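Colleague: I would like to take a close look at a single part of this model, and I would be glad if you could go through it slowly and then place it in the wider picture.

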Amino acid sequence: MFTGIVTDVGEVRSLTQAGDLRARIGCHYDMAGVDIGASIACEGVCLTVVAKGEDWFDAEISAETVSKTNIGRNSWAPGRRLNLERALKVGDELGGHIVSGHVDGVAEIIAMHDEGDSTRFTFRAPETLARYIAPKGSVALNGTSLTVNEVEGSTFGVNIIPHTKAVTTWGDARPGDAVNLEIDTLARYVARLQEWQP
């Protein structure tokens with residue numbers, strides 16, 4: 001489990017296709033304290049560390065994960081910066097919201113404009129996920145816990161403050177970018193309960 005509070009910005013160093021896709025990701029974590037088998041969210045995708053060095057780790061990415069995330073939209077390439085977050089430990093501060101690292105689908109940035117020092121982003125969500133997104137609810141976008149401002153059909157907006165842009169990859173974002181979207185788990189269960197009839 002994660003919180004959606006990005007703790008490092010890493011970089012894709014290499015991608016190798018041999019069965020599953022294997023990514024080498026450079027980072028600033030003290031890798032001596034990261035075990036093989038540990039989970040690290042990369043752009044919101046929960047990946048397992050399968051090898052590591054002083055300032056990098058390798059992860060294997062299944063075809064299913066590639067198909068459901070922006071990895072499959074050719075968004076990941078050597079040099080691409082990635083939001084990273086290590087798994088939540090018991091006793092850690094929960095500053096964002098509970099995030100599983102299981103991406104539900106890919107949204108698209110359709111507009112950006114400045115509002116004061118912040119930037120207002122407008123996204124288009126897949127139709128199948130739009131009903132789970134509510135004003136003042138939470139979403140994880142590229143692994144970042146964000147509050148939804150407004151929703152209209154399949155589009156929704158969030159504000160990103162200067163601090164968040166400075167310590168994540170959101171300063172690199174542009175209209176047309178594909179973004180990993182994880183809806184709030186609570187919203188999913190509420191919707192499922194409404195559907196269920198004994």
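In which loop is Asn-142 found?

Modeller: Asn-142 is found in the loop between strand S9 and strand S10, the latter covering residues 144-147. Please keep in mind that this is a predicted model, and that every value I give is computed from it. The backbone of Asn-142 deserves attention, since its phi is near 50°, a positive value in a residue other than glycine. Most residues other than glycine have a negative phi. As for its surroundings, Asn-142 has 6% relative accessibility, and because buried means under 20%, this residue counts as buried.

A second residue invites comparison with this one. Lys-136 is not a glycine either, and yet it has a positive phi of about 70°. Its place is in the loop between helix H2, residues 127-130, and strand S9, residues 138-141. Strand S9 therefore has Lys-136 in the loop between H2 and S9, and Asn-142 in the loop between S9 and S10. In accessibility the two stand on opposite sides, for Lys-136 reaches 61% and so counts as exposed, whereas Asn-142 counts as buried.

To place this part in the whole, the chain has four helices and 13 strands. Its radius of gyration is 17 Å, close to the 16 Å that the globule rule gives for 198 residues, so the chain is as compact as a globular protein of that length. Buried residues make up 44% of the 198 residues, and Asn-142 is one of the residues that count as buried. Among contacts between residues at least 6 apart in sequence, 68% join residues at least 24 apart.

Aromatic rings offer an example of parts that are separated in sequence and yet paired, and the structure holds four aromatic pairs. In one of them, the rings of Phe-121 and Phe-123 have their centres 6.0 Å apart and their planes at 10°, so this pair is stacked. In another, the ring centres of Phe-123 and Phe-156 lie 5.3 Å apart with the planes at 20°, so that pair is stacked as well. Phe-123 lies in strand S8 (residues 118-124) and Phe-156 in strand S12 (residues 155-160), so the pair ties together parts that are 33 residues apart in sequence. Both Phe-123 and Phe-156 are buried, and ring pairs link Phe-121, Phe-123, Phe-156 and Trp-170 into a cluster.

Definitions and conventions
Residues numbered from 1 in each chain as written. Predicted model: local features only at pLDDT ≥ 70, side-chain atom pairs only at ≥ 80, totals over all residues. Heavy atoms only, no water. Helix = DSSP H or I, 4+ residues; strand = E, 2+ residues; numbered from the N terminus. Rg over C-alpha atoms; globule rule 2.2 N^0.38 Å. Buried < 20%, exposed > 50% of the residue type's maximum accessible area, 1.4 Å probe, protein only. Contact = heavy atoms within 4.5 Å. Phe/Tyr/Trp six-rings, centres within 6.5 Å; stacked < 30°, edge-to-face > 60°.
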